Amino acid sequence: MTVNLTKGQQISLTKTDGRPLALIRMGLGWQATPRQGFLTRFMPPRDIDLDASAVLFSGAHFIDVVYFNHLLSDDGAVEHSGDNRSGGTGVGGDDEFIRVNLPRVSPHVDQIVFVVNSFSGETFEVIENAHCRLVDEATGQELARYTLAEGGPHTAQIMAKVVRRGAVWNMVAIGQAESGRTFEDLLPAVARHV
């Protein structure tokens with residue numbers, strides 16, 4: 001059963017039998033809002049290039065990042081699916097996704113923050129049906145979904161993070177609107193959430 005998350009809500013990444021999840025997938029999906037006006041039927045659909053990134057931290061210290069130009073973390077535990085430059089075409093509603101092998105994450109990493117930014121500069125005013133969702137990769141079961149209900153003049157979102165406390169991982173929905181075309185632009189804002 002999927003949990004529809006709200007800002008600040010937290011879920012445990014532990015199976016119902018008490019065992020921790022091993023392999024998770026954070027999926028990102030989006031669509032461009034339809035163009036308005038009479039001539040729009042003669043225009044091609046709008047392509048919007050959103051980019052998902054996973055930023056790895058040890059405490060407040062930046063360790064690594066996984067994004068379209070660095071598809072695998074240095075420890076090999078976090079992997080990006082590759083760049084989707086249009087949206088609305090993904091399998092199962094995900095246009096980009098990031099897999100995390102939780103047991104393989106470096107012991108120094110205690111937080112992984114998932115962000116999305118509009119590389120092409122469009123604001124979320126022209127994006128609809130944007131979501132991130134957490135999937136148990138072993139079963140394909142969707143565990144949690146965070147839907148971006150609010151559009152706006154921002155070009156980025158800090159979506160969610162997974163946090164390790166001892167041997168237990170939890171996911172926390174953040175949903176903070178920000179501005180920035182790349183993950184580097186978002187690092188000061190991300191640092192406020194670790």
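This passage describes a sheet, the helix packed on it and the salt bridges of a predicted model. Residues are numbered from 1 along each chain as its sequence is written. In this predicted model, local features need pLDDT of at least 70, side-chain atom pairs count only at pLDDT 80 or more, and totals for chains, interfaces and linings use all residues, while side-chain values use heavy atoms, without hydrogens and water.

Six strands (DSSP E runs of at least two residues, numbered from the N terminus) form an open sheet in the order S2-S12-S11-S8-S4-S5, with antiparallel pairing; strands pair if DSSP finds at least two bridges between them. Strands S2 (10–12) and S5 (61–66) stand at the edges with a single partner strand each, so one side of each has no neighbour in the sheet. Strand S4 (residues 50–58) pairs with S5 over 5 bridges, and Phe57 stands opposite Phe62 in S5. Helix H1 (residues 183–191) packs on the sheet and touches S4, S5, S8, S11 and S12, where contact means heavy atoms within 4.5 Å. Helices are DSSP runs of H or I with at least four residues.

The whole structure holds 6 salt bridges, each a side-chain nitrogen of Lys or Arg within 4 Å of a carboxyl oxygen of Asp or Glu. One of them joins Glu178 and Arg192 (3.5 Å, N to O). Glu178 lies in strand S12 and Arg192 in the segment after H1, so the pair ties together parts that are 14 residues apart in sequence. Glu178 is buried at 15% relative accessibility, whereas Arg192 is exposed at 60%; buried means under 20% relative accessible area, exposed over 50% and partly exposed in between (1.4 Å probe, protein chains only).

Terms used: Axes are lines fitted to C-alpha atoms, for helices over the stretch in contact, and angles run from 0 to 180 degrees between N-to-C directions.
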